[in-house]
Amino acid sequence: MKKFGILILFIVGTCPLFAQQYFGVRGGYAISGVNFNPYRQETTISGVDFGLACKLYTGRYMGMQAELNMVQKGYEARDTTYAASAIELPAMAQGHLKFGAFRAFINAGFYMSYLLKEDTKYENSSGISVTESYTFQDRDNRFEYGVIGGGGLGLEFSRFELQGEFRYQYGMNFWIKPRYQDEQTVFSNSTHMVFSLSLFYRIGSAKQPAPISQN
């Protein structure tokens with residue numbers, strides 16, 4: 001967790017080093033699940049995904065974006081919902097094309113997250129919904145990392161930019177450590193889809209960074 005915090009401070013601290021910076025807030029609707037292999041029946045759950053964002057335009061067609069988010073993720077299996085809250089740090093390269101006040105973009109990068117808490121929800125024999133706090137065990141991978149891909153459209157007005165985005169995330173390590181899956185090896189990669197809106201405020205100059213001289 002200490003290394004995770006140091007990386008957050010490093011990325012946030014480097015934001016002011018670029019000519020054109022945007023800082024903002026974001027929030028969205030998330031659909032998450034876990035893919036088990038061998039297959040076991042499970043369904044997705046919905047939640048929220050929100051936080052702070054820093055965006056940098058480093059060239060006419062390129063930029064980068066880093067965020068610090070609180071996310072809800074998990075899955076439902078055997079009539080029980082496993083809903084976790086996590087702190088997440090995505091970092092993405094951004095390719096963009098501007099036409100008038102609009103900017104179309106695609107994002108690609110990676111993320112790291114750390115599970116803070118998890119609740120289990122189910123109906124008891126009387127049909128009453130019960131929510132219990134889950135105690136993490138050795139089998140649980142609280143630290144997760146994976147890849148991100150997505151895209152969207154931004155609208156600039158004055159010093160602001162409103163950005164709508166669809167994002168897909170895939171966990172590269174396992175939600176539950178394989179050796180703890182009963183008597184067989186079971187792989188469990190998480191998925192996370194987000195539909196979000198972000199509002200950015202420009203701190204630096206409105207001009208794009210000048211190209212490097214060849215002389």
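**Notebook: β4, its partners and the second largest pocket**

I looked up the pairing of β3 first: 14 bridges join β3 to β4, and the two run antiparallel. Strands here are DSSP runs (E, at least two residues) numbered from the N terminus, and two strands pair if DSSP finds at least two bridges between them. This is a predicted model, in which local features need pLDDT of at least 70, side-chain atom pairs count only at pLDDT 80 or more, and totals for chains, interfaces and linings use all residues. Residues are numbered from 1 along each chain as its sequence is written, and side-chain values use heavy atoms, with hydrogens and water left out.

I noted that Met62 stands opposite Gly95 in β4. The hairpin of β3 and β4 has two residues between the strands, and Arg78 takes a positive phi near 55 degrees there.

I then followed β4 to β5, where 19 bridges join the antiparallel strands. Ile87 stands opposite Tyr114 in β5. In this hairpin, also with two residues between the strands, Gly100 has a positive phi near 65 degrees.

I checked burial: β4 is mostly covered, with 14 of its 20 residues buried (under 20% relative accessible area, 1.4 Å probe, protein chains only).

Last, I looked up the lining of the second largest pocket (an open set of points on a 1 Å grid over the protein atoms alone, where a 1.4 Å probe fits, with protein on both sides within 12 Å along at least five of seven lines; lining residues have an atom within 4 Å of a point). Among its lining residues are Thr81, Ala83, Lys117 and Asp119. β4 gives the most to this lining, with four residues.

Key
Buried < 20%, exposed > 50% of the residue type's maximum accessible area, 1.4 Å probe, protein only.
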